[in-house]
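Please look over the structure shown here slowly, turning it as you go, before reading the explanation beneath it.

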Amino acid sequence: MKKLKFSFLFLLFLLSTAGCTSFYVFSDLGTLGGAFSEARDINEHDHIVGSSETEDGSVHAFLIRNGSMIDLGTLGGANSWALGINDDDVVVGSSELADGRIHAFIWRDGVMTDIHDPAHPSSSEPDSSRAVAINNDRWITGNVGISGVVWRTIDDVEFLSGSVAGPKDAYDINNEHQIVGWHHSVDQAFVWEDGMMTLLPHDVPPAGSRAYAINNSGLIVGWEYTLPHGFKQAALFQVDDLPVLLGTLGGDESRALDINDNGLVVGHSDKTEGSNVPFYYDPDEGSMRELMSLGDGMAFAVNNRKIIVGKVKNSTGEYRAVKWYLTRWRF
């Protein structure tokens, strides 16, 4: 366990109001003793999960709460990665086993448990799995091999089937038990609910898409190819309408990675000079805004308090886990 060290605060963006200005600032969340780290998810208590290099050069899943970074350990191998957390501080991710295989895990109250289901192997990767997201009912989604799955409990696993056969990746689940992801065979984003998979509408002519996150109102974000050049652009999806493209920060491509219940979207975008930087998109403003960083970076997740987590490159070129939050200055 390592105490959190806030090594820098930076002015990010100004939102002017009468008599005051709001700033997004960010702080370095530190590491588990190594050079790099990244923050992948945050819950409504502002507790954060991700992964970090350790002193011995391996990578371990971590949980940050009460100002401390906790090493969650592994399933016996060298490395582990935390990818999701719910509001009860139950964490999911993937870990190497002692023999090098990678299995999905759930971590709760200090104990990491292997949840890989050997009774349902994928034909192409029969012993590989990862858990990517968990909701407040402790339903977990992720992948076994190249098949998207949902764990209702550790022993109740269902593969995400649909009317179109083929491999699928699952990326997120909300508290309404809706799951989003990508169908490989048709190169298209989907939403899955109650055993039924719906492919999300495309612009015409067809183009590829991904759905990375869904909020509790059913709004979905990810990216869609923009034609004729085939650039990927951050998009907001709904089941019964065409996607809304969110633009870029001047470059060709962008990707939306998360959305909170108020519609605040975060992700990363190219700039004109070629850098790739984190962004937020406020639906009330209707435009994409850059989250300042020392260099390239990504915003992976945002909670309903508008706290954003991700990673940015520091002055030595290493990625570090960071969080961005709003503060106010009066004048």
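The paragraphs below go from the whole chain to its sheets, its hairpins and its largest pocket.

This is a predicted model, in which local features need pLDDT of at least 70 and side-chain atom pairs count only at pLDDT 80 or more, while totals for chains, interfaces and linings use all residues. Residues are numbered from 1 along each chain as its sequence is written, and side-chain values use heavy atoms, with hydrogens and water left out.

The protein chain holds 30 strands and zero helices, where helices (H or I, at least four residues) and strands (E, at least two) are DSSP runs numbered from the N terminus. Of its 331 residues, 55% count as buried, a word that here means under 20% relative accessible area, with exposed meaning over 50% and partly exposed lying in between (1.4 Å probe, protein chains only). The chain exposes about 14,000 Å², of which carbon and sulfur atoms supply 50%; such areas come from the Shrake-Rupley method with a 1.4 Å probe, and for residues only the protein chains shown count as cover. Among the contacts with a separation of 6 or more, 40% are between residues 24 or more positions apart, a contact being heavy atoms within 4.5 Å.

Consider next an open sheet of four strands, whose order is 16-17-18-19 and whose pairing is antiparallel; two strands pair if DSSP finds at least two bridges between them. Its edges are strand 16 (168-173) and strand 19 (196-199), each of which pairs on one side only. On average, neighbouring strands of this sheet are turned by 30° against each other, direction ignored, with axes taken as lines fitted to C-alpha atoms (for helices over the stretch in contact) and angles running from 0 to 180 degrees between N-to-C directions. Strand 16 is joined to strand 17 (residues 179-183) by five bridges in the antiparallel sense, and isoleucine 173 stands opposite isoleucine 179 in strand 17.

Another open sheet of four strands has the order 20-21-22-23, again with antiparallel pairing, and its edge strands are strand 20 and strand 23 (241-247). Here neighbouring strands are turned by 35° against each other on average, direction ignored. Strand 20 (residues 209-214) has six of its six residues buried, so it is largely enclosed by the rest of the structure. Five bridges link strand 20 to the antiparallel strand 21 (residues 220-226), where glycine 222 is the bridge partner of alanine 211. These two strands form a hairpin with five residues between them, and glycine 218 takes a positive phi near 90°.

A further hairpin is made by strand 8 and strand 9, which also has five residues between the strands, and aspartate 89 in its turn has a positive phi of about 65°. Six bridges join strand 8 to the antiparallel strand 9 (residues 91-97), and seven of the ten residues of strand 8 are buried.

Where does the largest pocket lie in relation to these strands? Its volume is about 820 Å³, and among the elements that give two or more residues to its lining are strand 8 (76-85), strand 16 and strand 20. Of the 38 lining residues, the closest to its centre are Asp41, Ala133, Asp172, Ala213 and Asp258. On a 1 Å grid over the protein atoms alone, a pocket is an open set of points with protein on both sides within 12 Å along at least five of seven lines, and lining residues have an atom within 4 Å of a point. Grid points are joined across faces, edges and corners, and the volume is the space filled by probe spheres set on the points.

Note on methods
1 Å grid on protein atoms, 1.4 Å probe; cavity = no way out; pocket = protein on both sides within 12 Å on 5 of 7 lines; lining within 4 Å.
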